[in-house]
Structure formats: structure tokens, C-alpha cells
Amino acid sequence: MKPMKRIGALGLITGLLLGLVTSVSQAATGTLQQYFPDPALARAVLQKMSLEKVDWKPTAVNLGTVTSQQLASIKGTLDLSGAGITSLAGINALTGLETLDIGDNNISSIAVNTFSGMYGLRNLYFTDSITGKCNPLTTLPIGVFNDLQQLTYLNMRHCSFSSLPSTLLASLTGLQEFHFSNTPLSTLPAGFLDYNTSLRALYLDFVEGWPGSRLTSLPSTLLAKLPQLQILNISHNLIESLPSNFFDGNPLLTEVQVDGQTVFDGLPAAGSKSRELAVQLSYPSANLMQVTGYPKYGAELGITPNAYPLDTRATAEYQWYVSSNATGANATAIVGADTSTYSPTLTDVGNYVFVSLTYRSAWEPAQLGIKLYSTPVKITGLAFAAAPVPAISGSVRVGQTVSVSPGAWDPAPTFSYRWLRNGKAITGATNATYTVKAADLGKKLSVRIAGNYPGYNGATRVSNAKLVAVGKITKGTVKLSGTASPGHTLKLKLSGFTSGVKYTVTWYRGSTKLKGSSLSHKVTTSDRGHSVYAKVTFTKTAYQSLTVKSNSKAIPKPKAVKKTTTTTKKTTTTTKKKSSSTSTSTQKTEPACKEARCS
């Protein structure tokens with residue numbers, strides 16, 4: 001059912017909207033009065049914007065100034081009934097509307113482009129459902145409904161049309177329910193419904209107390225191209241006869257309301273053509289058969305009160321069904337759910353529930369009865385009392401492992417995780433922890449968690465994104481070992497560094513760089529008297545480079561030999577014939593030293 005709430009007066013802004021009218025048909029920005037020349041329409045749109053909380057912040061300067069995008073963002077239902085509107089000019093700026101009620105106004109004409117671009121409109125009311133009043137329209141132009149292929153409901157009851165084009169409804173290929181009661185016409189144009197092949201319910205009845213005339217005849221092929229038709233109401237008219245093949249194109253027809261007819265000899269006998277045509281007094285129309293209540297786990301559902309028959313002697317039978325399909329296909333009857341109310345269970349959450357209502361007439365107990373089905377409604381779960389935004393902890397840099405803290409949810413659900421790089425899912429990153437990769441460098445890292453708990457709607461939250469910094473190579477040790485003497489080899493041992501690093505070795509004799517970049521160095525005589533060591537530079541993609549110096553090995557100089565002096569005392573020998581003296585001296589000597597043998 002559509003909302004019945006009236007549009008309230010907005011006296012505070014009325015004067016501001018009654019300014020100079022300037023066309024904005026091609027403008028992106030303008031005042032509401034420019035978009036909608038009719039002040040009453042402009043006021044109604046402004047009120048709708050306020051109720052819908054459209055992203056629009058008026059100031060003392062631009063009060064009433066809007067953009068076409070803001071108008072297009074207005075969604076749902078706009079009830080303009082009884083607002084005193086005389087012109088619908090500009091209404092097609094509201095392209096986001098799904099339901100529009102223009103009943104009980106002073107609109108005397110409608111331009112062919114009035115509804116152009118309103119592709120999402122599903123329900124259109126020319127008649128106010130409370131007062132039953134239409135507008136002083138006498139006709140509608142061909143093509144006025146050209147962009148309304150998605151329209152499923154059209155209410156034109158009690159309107160004063162004196163003539164209508166036969167192809168007026170040709171573009172309404174999705175129309176499912178059409179109300180055209182109390183028309184001043186005595187018959188309908190030939191071919192009037194030829195293109196409305198989706199039509200399921202047609203109301204051409206006359207209601208006492210409302211203006212209009214009674215139909216005296218119907219085109220013989222009026223229903224010929226309506227294979228989906230299920231309900232036809234032609235009550236209280238003056239139709240005297242219909243051809244015997246009038247219903248041949250309607251294999252699904254199960255309800256024909258003809259009460260009050262003076263003569264009606266066109267109905268086939270009960271049970272003919274493999275269908276039951278239930279001629280009944282005042283059973284409800286299919287559009288009133290709806291589930292009431294909030295469709296969620298544990299809530300009580302019912303059906304609309306006015307779906308009950310006015311004939312209190314009729315009996316009603318109920319059955320609730322559950323289906324995984326929004327159309328109700330392959331539904332299963334819920335055991336024990338055979339009353340007018342039903343409370344969805346845990347197994348219903350995420351599925352669709354609907355009810356069948358079967359009437360058995362007290363007047364015709366032999367009839368199978370009229371069985372109506374409500375539209376399936378999706379059963380949702382409860383909402384979490386608390387579902388905070390998760391937080392990332394740890395150093396967000398390449399090579400580090402970070403984790404996510406979901407926070408305190410109520411109730412505590414089971415979680416699933418998905419890490420995101422610049423908002424896009426990272427393949428395989430579905431744990432509560434994540435090791436930051438080189439591909440993440442310079443990107444924003446965040447995590448999305450999903451919480452699920454039986455009977456509750458699943459909820460997702462995304463953490464704040466953090467910029468990934470360059471990695472740091474873990475500093476290990478560079479140890480130099482080996483005999484520090486010429487001819488021997490010194491070797492480096494690297495340990496404790498980040499895995500996957502590459503390294504470059506530079507050897508030093510004191511401050512002098514040596515040739516060679518391997519992990520070993522053969523000591524030479526040139527190294528004597530110096531310290532030998534190495535510097536190793538480690539690198540890895542997306543990491544800062546790291547240089548580590550090894551311990552030093554001092555290469556000693558060769559040992560020097562001390563000077564040695566030998567003196568022999570002078571000896572004098574005297575003989576009779578001659579005397580002589582001999583002096584012997586040993587000179588300082590240094591033993592020979594070959595380089596290869598010195599140490």
C-alpha cells in the first residue's frame with residue numbers, strides 16, 4: 001500500500017520559492033522554482049528533499065537552489081495528492097522516483113514529455129486513494145507513457161476522460177495492475193490493452209457514489225492478448241453480454257467479479273476449459289493481499305486486514321511458504337504455519353516467505369474457492385548491537401606481519417577476513433594476520449572483516465587504510481675467522497639476516513680496499529702490520545639497504561733477529577827464537593732469513 005500521509009505546508013519557505021520563474025530545462029543548477037514553475041509542486045519537492053535528507057545544505061543566499069543530480073537522487077515515493085498543483089512541469093527531473101501520486105489536484109492537461117526519463121517509475125496514481133478524486137483531465141496525449149516500460153501499477157479511477165487514444169498504454173509492457181473504474185466512457189477503444197501482455201489484474205468496475213458512467217459494452221477482443229490475466233472486475237456496469245470466446249486468451253484467469261450485472265450470459269460453465277471462474281461478491285483484489293509486519297527473524301507477520309472478504313460467511317484458509325527464490329519458485333509449505341500470522345524462524349533468514357489465502361464461498365460451497373498469494377518477502381536477521389571498525393596493529397612496512405583486531409561485537413560473531421591493497425582484495429590474504437609484501441610498498445593497506453551470527457544480518461566493516469613503508473633488513477652478524485698469517489685464508493660467516501637478501505662483500509686492509517668480493521680472503525705478505533676486515537652490504541627489493549662491518553684480524557709483522565758479537569782474548573806465546581802474538585776476532589753476523597720461513 002502506498003503511504004497515506006499528506007504533504008504539510010511549509011510556510012517558512014513559501015515566500016522564498018515564489019520568485020521570478022526562469023527556465024532551467026537545460027541547466028544543471030537552478031532554484032526549485034526554476035525547475036518547478038508550479039509553487040505547490042516546488043514546495044512538495046522541497047519537503048521531500050528534507051524528509052529524504054538529500055545532500056543539500058541551503059544557506060541564506062542559495063535557499064532553494066539545487067542541482068539536477070540532487071533532484072535525481074530523490075528516491076522512493078512522492079505523494080503529491082491534494083497539494084493544489086496545477087502543472088507537473090519539471091516533474092521528470094525526479095528520475096529516481098519509484099512511486100508518484102498526483103491525485104486530487106487541479107491538473108487539467110499533461111504534456112507528452114511530462115514523464116520522460118522517469119525509467120524507474122513503478123507505480124503511478126492519477127487518483128487519490130483517500131478522497132477518490134482524480135484531476136480535471138479530459139484526455140492524455142499519445143506517447144505520454146513512452147519511458148515508463150517499468151511501470152507495474154497504474155490507477156486512473158474516477159477520472160473524467162472523454163476520449164483516449166487506442167494506443168495510450170502501448171509502451172506499458174510491464175504493467176501488471178490497471179485500475180480504470182468509473183470512467184465516463186461507455187466502452188473502451190479497440191486494441192486498448194493489446195500491448196499490456198504482463199497485465200494480471202484489471203479493474204473496470206463501477207463504484208456507487210463516485211462520479212463516472214457505467215460501461216455498456218466491451219470490445220470482443222479486449223482480453224485476447226492478456227495471457228497473464230488472473231483477476232477481472234467488471235462489477236456494477238450495464239454490460240448485457242459477452243461473446244463465448246471472450247476469455248479464450250486468459251488461461252490463468254481465476255477470479256471474475258461480475259456482481260450487480262443485469263444480464264451476463266458470456267461466462268463459461270464452471271470447470272470448463274480446465275479452469276474455475278469464481279464469480280464472487282466482494283473478495284479482495286490481489287494487490288491488497290500483502291504480508292504485514294517487519295520481515296525479520298522472530299517478528300510476527302500477518303496479512304493486510306482489508307484482504308479479508310466482506311462476506312463474513314466465507315471461510316479463509318492460510319498456508320505459509322518459504323522459498324530461496326524471490327519469485328517464490330520451488331517453495332516449501334511450512335509445517336504448522338496455517339494461521340493468519342507467522343513468526344519467521346532461524347532457518348528462514350535469507351529466504352523468502354509468503355502466504356496463501358484460500359476463500360471458500362458460503363454461496364457456492366462446491367467451488368474450489370479463490371486462492372490468493374502474497375508477494376514473497378525476504379526475511380532478514382537482527383542487527384548487531386555493536387559492530388565497531390577493526391584496527392590494524394603492528395609495523396606496516398614490507399616484511400613485517402600485521403594483525404587485525406575486530407573489536408567488541410555484540411553478540412560475538414565468527415569472522416572472516418580479507419586484506420585489501422588500495423581497496424582491492426589481495427589474493428589469498430584471508431587470515432587475521434598478514435605479512436606485508438614488496439607489492440604493497442607505497443600502497444594503502446586495509447582489512448575488511450565480515451561478522452556472522454545465527455539469526456543476525458551479516459555485517460562488514462573496513463579498517464582505516466595505512467600507507468606501507470619500505471622494509472628494514474634484520475641486522476645479523478658478520479663474523480671473520482681464520483689464521484691471520486700469510487698463506488692462510490680468512491672466511492666470513494653471515495647469519496641472522498632477513499631471508500632472501502643479496503649481499504656484496506668489500507675487503508679492507510686498514511682503510512685500503514682490496515680486490516675480491518667473495519666470502520674469503522687469502523692473507524698475503526702485503527697484509528703484514530695491518531688489520532684485515534670486510535664490509536658486507538645487504539639488499540632486497542622494497543627494503544632499505546644495510547651495511548655491516550665484520551670483526552678485524554690483525555696480520556703481524558715478521559719477527560726481527562738481534563745482533564750478536566764474539567771476542568777471543570789475545571794470547572801471547574814466547575819462545576826462545578822469536579815471540580809472536582796472534583789476535584783472533586769473530587765479527588757480528590746475522591743469520592740469513594728467507595721470507596717464506598719467517599714468522
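Author: Two strands are said to pair if DSSP finds at least two bridges between them, and the strands (E, at least two residues) and helices (H or I, at least four residues) are themselves DSSP runs, numbered from the N terminus. The model is predicted, so that local features need pLDDT of at least 70 and side-chain atom pairs count only at pLDDT 80 or more, whereas totals for chains, interfaces and linings use all residues. Residues are numbered from 1 along each chain as its sequence is written, and side-chain values use heavy atoms, with hydrogens and water left out.

Reader: In which sense do β19 and β20 pair, and over how many bridges?

Author: β19 pairs with strand β20 (residues 401-405) in the antiparallel sense, over 3 bridges, and A391 has S405 of β20 as its bridge partner. Both strands belong to an open sheet of 3 strands, in the order β19-β20-β23, where the pairing is antiparallel. Because β19 (391-393) and β23 (433-435) each have a single partner strand, they stand at the edges, and one side of each has no neighbour in the sheet. Between neighbouring strands of this sheet the average turn is 25°, direction ignored, with axes taken as lines fitted to C-alpha atoms and angles running from 0 to 180 degrees between N-to-C directions.

Reader: Which side chains along strand β28 are buried, and which are not?

Author: Buried means under 20% relative accessible area, exposed means over 50%, and partly exposed lies in between (1.4 Å probe, protein chains only). Along β28 (residues 477-481) the side chains alternate, with V478 and L480 buried on one face, while T477, K479 and S481 point to the other face and are not buried. Strand β29 (residues 489-495) runs antiparallel to β28 and is joined to it by 5 bridges, with L492 of β29 standing opposite L480.

Reader: What lies between β24 and β25?

Author: Strand β24 (residues 444-452) and strand β25 (residues 459-462) form an antiparallel pair over 4 bridges, in which A450 stands opposite T460. The two make a hairpin with 6 residues between them, and G455 in the turn has a positive phi of about 85°. V462 is found in β25 and, with a relative accessible area of 40%, is partly exposed. Leaving aside neighbours within four places in sequence, V462 is in contact (heavy atoms within 4.5 Å) with V389, P390, L420, S446, V447 and R448.

Reader: Which residues of the largest nonpolar core touch the most other members?

Author: A nonpolar core is a set of buried Ala, Val, Leu, Ile, Met, Phe, Trp, Tyr and Cys residues joined through side-chain atoms within 4.5 Å. The largest has 69 residues, of which L71, L100, F115, F126, F145 and F178 touch the most other members. At least two residues of this core come from each of α2 (32-35), α3 (39-52) and β4 (97-101), and α3 gives the most, with 7 residues. Another core, of 40 residues, lies apart from it, and includes W419, Y434, I449 and A542.

Reader: Which backbone values, such as phi and omega, deserve a second look here?

Author: Most residues other than glycine have a negative phi, and most peptide bonds are trans. D104, in the loop between β4 and β5 (123-125), has a positive phi near 55°. A542 is not a glycine either, yet its phi is positive, at about 75°; this residue lies in the loop between β33 (530-539) and β34 (543-544) and counts as buried at 13% relative accessibility. The peptide bond joining D410 and P411 is cis, with omega about -5°, and P411 is found in the loop between β20 and β21 (414-421).
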